[in-house]
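User: I am new to reading structures, and I would like to understand how each label is justified. Could we go through some of them one at a time?

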Amino acid sequence: MQEPPPTGSAFLLAQLGAHATRRFTERIAELDLTPPQTGLLRVIARRPGESQQVLAAELGTPPTRLVALVDGLEQRGLIERRRNPQDRRLYAVHLSDKGRETMRALAKVGAAHEEELTSALSTEERMVLHGLLGRIAETHGLSQGVHPGYRDLDRP
């Protein structure tokens, strides 16, 4: 009879998640970005022209926290707020030219991060792992491409 592994899969996922988060944070720091800023830029790139309220809902973050993130990225020239043509009370959020350039740099950082993290696996194994992890995430109601940490941004 085979002995059970010394640690469970949930522990390994948590361990790898913490490691991946730390390494990704180090990598994007070279672009002078934080994980919350990076995630917001990704959502804006996928859904240009959305209101701050819609972005906050998609990220699962308090709207007040999102305003601070948007303000910071706007001050750096990475995003623009424009009046929403359908509802002049709302602002539509878009990437600026500098923001699109930053997204290209982030894509390179992300690819390098993915390559480093999964380097022990073959291409086929990476695809299988991705599919399995995606299925687990979906089962737990996690939004694809949105880090659940946004829900905790106002917590100390």
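User: Where is D32 found, and what makes D32 count as exposed?

Analyst: In this predicted model, D32 is found in the loop between helix 1 and helix 2. Its relative accessible area is 54%, and the label exposed asks for over 50%, so D32 is called exposed. The backbone of D32 also has a positive phi, near 60 degrees, in a residue other than glycine.

User: Why is S51 called buried?

Analyst: S51, whose place is in strand 1 (residues 50-51), has a relative accessibility of 7%. Buried means under 20%, and because 7% falls under that limit, S51 counts as buried.

User: Which residues does S51 touch, leaving out those up to four places away in sequence, and what does the side chain of S51 reach?

Analyst: With those sequence neighbours left out, S51 touches L90 and Y91. The side chain of S51 reaches the backbone nitrogen of V54 at 3.1 Å, which is within the 3.5 Å allowed for a polar contact.

User: How do you know that R23 and E116 form a salt bridge?

Analyst: The N to O distance between their side chains is 2.9 Å, and the rule asks for a nitrogen of Lys or Arg within 4 Å of a carboxyl oxygen of Asp or Glu, so the pair qualifies as a salt bridge. R23 lies in helix 1 (residues 9-29) and E116 in helix 5, so this salt bridge ties together parts that are 93 residues apart in sequence. In general, side chains of opposite charge can pair when their charged atoms come close.

User: Are R23 and E116 buried, exposed or partly exposed, and what makes them so?

Analyst: R23 has a relative accessible area of 22%, while E116 stands at 33%. Partly exposed covers the range between 20% and 50%, and because both values fall in that range, R23 and E116 are each called partly exposed.

User: What makes D71 and R81 a salt bridge, and where do the two residues lie?

Analyst: Their side chains meet at 2.5 Å, N to O, which is within the 4 Å limit, so the name salt bridge applies. The pair links distant parts of the chain, with D71 in helix 4 and R81 in strand 2 (residues 79-83), 10 residues apart. D71, at 28% relative accessibility, is partly exposed, and R81, at 21%, is partly exposed as well.

User: Which residue forms a salt bridge with E74?

Analyst: E74 forms a salt bridge with R81, the closest N and O atoms being 2.6 Å apart, and E74 itself counts as partly exposed at 31% relative accessibility. Elsewhere, salt bridges that share partners join R23, E26, R27 and E116 into one network. By this rule the count of salt bridges comes to 12.

User: Which residues form a nonpolar patch on the surface, and what makes I136 eligible for it?

Analyst: The patch is formed by L13, L129, L133 and I136, with about 300 Å² of accessible area together. Helix 6 (residues 123-139) gives the most to the patch, with three residues, and I136 lies in helix 6. Patch members need over 30% relative accessible area; I136 has 42%, so I136 passes that limit.

User: Which residues touch the most other members of the largest nonpolar core?

Analyst: Of the 21 residues in that core, L40, L41 and I79 touch the most other members. The elements that give two or more residues to the core include helix 2 (35-46), helix 3 (52-59) and helix 5 (97-117).

Conventions: Residues numbered from 1 in each chain as written. Predicted model: local features only at pLDDT ≥ 70, side-chain atom pairs only at ≥ 80, totals over all residues. Heavy atoms only, no water. Core = buried A, V, L, I, M, F, W, Y, C linked by side-chain atoms within 4.5 Å. Buried < 20%, exposed > 50% of the residue type's maximum accessible area, 1.4 Å probe, protein only. Helix = DSSP H or I, 4+ residues; strand = E, 2+ residues; numbered from the N terminus. Polar contact = N/O pair within 3.5 Å; in protein donor to acceptor, adjacent residues only side chain to side chain. Contact = heavy atoms within 4.5 Å. Patch = residues over 30% accessible without salt bridge, like charges linked within 9 Å, V, L, I, M, F, W, Y side chains within 5 Å. Areas by Shrake-Rupley, 256 points an atom, 1.4 Å probe, with all protein chains shown as cover.
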